[in-house]
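Colleague: Could you help me learn how to read a helix and its surroundings in a model like this one?

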Amino acid sequence: MKGLKKEKQKQNKTKYFSPGNVKEAVEILAEIGEEVEVLAGGTDLLVRYYERLYDIDYLLDLRLLEGLEGIKLYDDRIEIGARATHSQLEKSEYINKYFPIIGQAAANVGSPQIRNRGTIGGNIVNASPAGDLLPGMLAYEAKFKLVSAKEEIIVSAEDFFVEPGKTILKPNQLLTKVILPKPEENTYSSWIKIGMRKTVAITTISLALVLKLKRDNNTIKELRTCLGSVAPTPLLIRELNREIKGEKIDQLDFNRLGELVADIISPIDDVRATKEYRKEVARNIMIESLEKVAKLR
Ligand SMILES: Cc1cc2nc3c(=O)[nH]c(=O)nc-3n(C[C@H](O)[C@H](O)[C@H](O)COP(=O)(O)OP(=O)(O)OC[C@H]3O[C@@H](n4cnc5c(N)ncnc54)[C@H](O)[C@@H]3O)c2cc1C
């Protein structure tokens, strides 16, 4: 591995690696560091590259890397390999049974071509405020496994996102899997994405909501509400949970909670919508989400 940088300087073109396992991959990352670009499906990375927003000196392709594929069910959790595509998530029996809004969000991504190539790992590490899998990750309390040549660590999705395009992932780390704790009995969820069109639309605003009820299937144990595209990172609204914990879902004033969400968020104006529009829509989709989960009981 030593001397890779010198060799590259002489050749002056992109050097390509296609490791077969995680150990080899993280050794390459340890040796070359931040100049390596990790390539999964390429639907974000290569678009930026072909638009010549930057040059790539070293490319580490995950395509043949074993151990990052598949969706596995355990007693208490599901583990999703970072290379799982949106199409695989959309069609997965386990995802649709236990984490339906991840399947729905994946089914909303881009077009069939994008869903066949784009991966969960790429969506997460790309850290776009409009990334469609991100709100569901926070709502379902996902954890991410990050592996470097030195260590393997598990971090919470809530702590992962820093700003648009930036996460706590270090240049020497790979995201290898997503771990989702299996929901308790009486857990219900809803996903709403608003875009400018029905398909191939970047999200203008989205909302993932997970409601956990007590054994009576009415008293609220926990409400996890996460909005996309209203802040630099996915926004988990903890105040809502504090406000309604212990109340009965059939006695809740959904309008009041919709207003609360609109008051709490501070979105910006951008090419897709004004801040006033986003606040108004946030209110409406909060009400709609609560109506949806209340009906699922
Ligand atoms: C036409 C079009 C429509 C789209 N529509 C949507 C949409 O509706 N919703 C949406 O959310 N996104 C959309 N996208 C964006 C994109 O398809 C998704 O974000 C996709 O999930 C990215 O995955 P990828 O495997 O292609 O990532 P890549 O482009 O391969 O990688 C993205 C970034 O993540 C890093 N990376 C990837 N995997 C790992 C890993 N395992 N460990 C460490 N770093 C890693 C890469 O280095 C890169 O910086 C669209 C893109 C296009 C071109």
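Colleague: Why is helix α6 (residues 100-108) largely enclosed by the rest of the structure?

Modeller: This is a predicted model, in which local features need pLDDT of at least 70 and side-chain atom pairs count only at pLDDT 80 or more, while totals for chains, interfaces and linings use all residues. Residues are numbered from 1 along each chain as its sequence is written. A residue is buried if 20 or more other C-beta atoms, placed from the backbone, lie within 10 Å of its own. In helix α6 (helices being DSSP runs of H or I, at least four residues, and strands runs of E, at least two, numbered from the N terminus), 7 of the 9 residues are buried, so the helix is largely enclosed. Among them are Ile101, Ile102 and Gly103.

Colleague: Which elements cover the buried residues of α6?

Modeller: Contact is judged by C-beta atoms, placed from the backbone, within 7 Å of each other. The cover includes α4 (86-91), α5 (93-98), α7 and α9 (134-139), together with the strands β11 (187-195) and β12 (203-213).

Colleague: What comes just after α6?

Modeller: There, Gly110 takes a positive phi of about 40°. Gly110 is also one of the residues that come nearest to the ligand, among the 28 around it.

Colleague: Which element gives the most to the shell around the ligand?

Modeller: A residue is near a molecule if its C-beta atom, placed from the backbone, lies within 6 Å of it. Helix α8 gives the most, with 5 residues, and the shell draws at least three residues from each of domain 1 (4-61) and domain 2 (71-181), where the domain bounds come from an automatic or database domain assignment.

Conventions. A residue is buried if 20 or more other C-beta atoms lie within 10 Å of its own, exposed if 12 or fewer, and partly exposed in between; C-beta atoms are placed from the backbone. Two residues are in contact if their C-beta atoms, placed from the backbone, lie within 7 Å.
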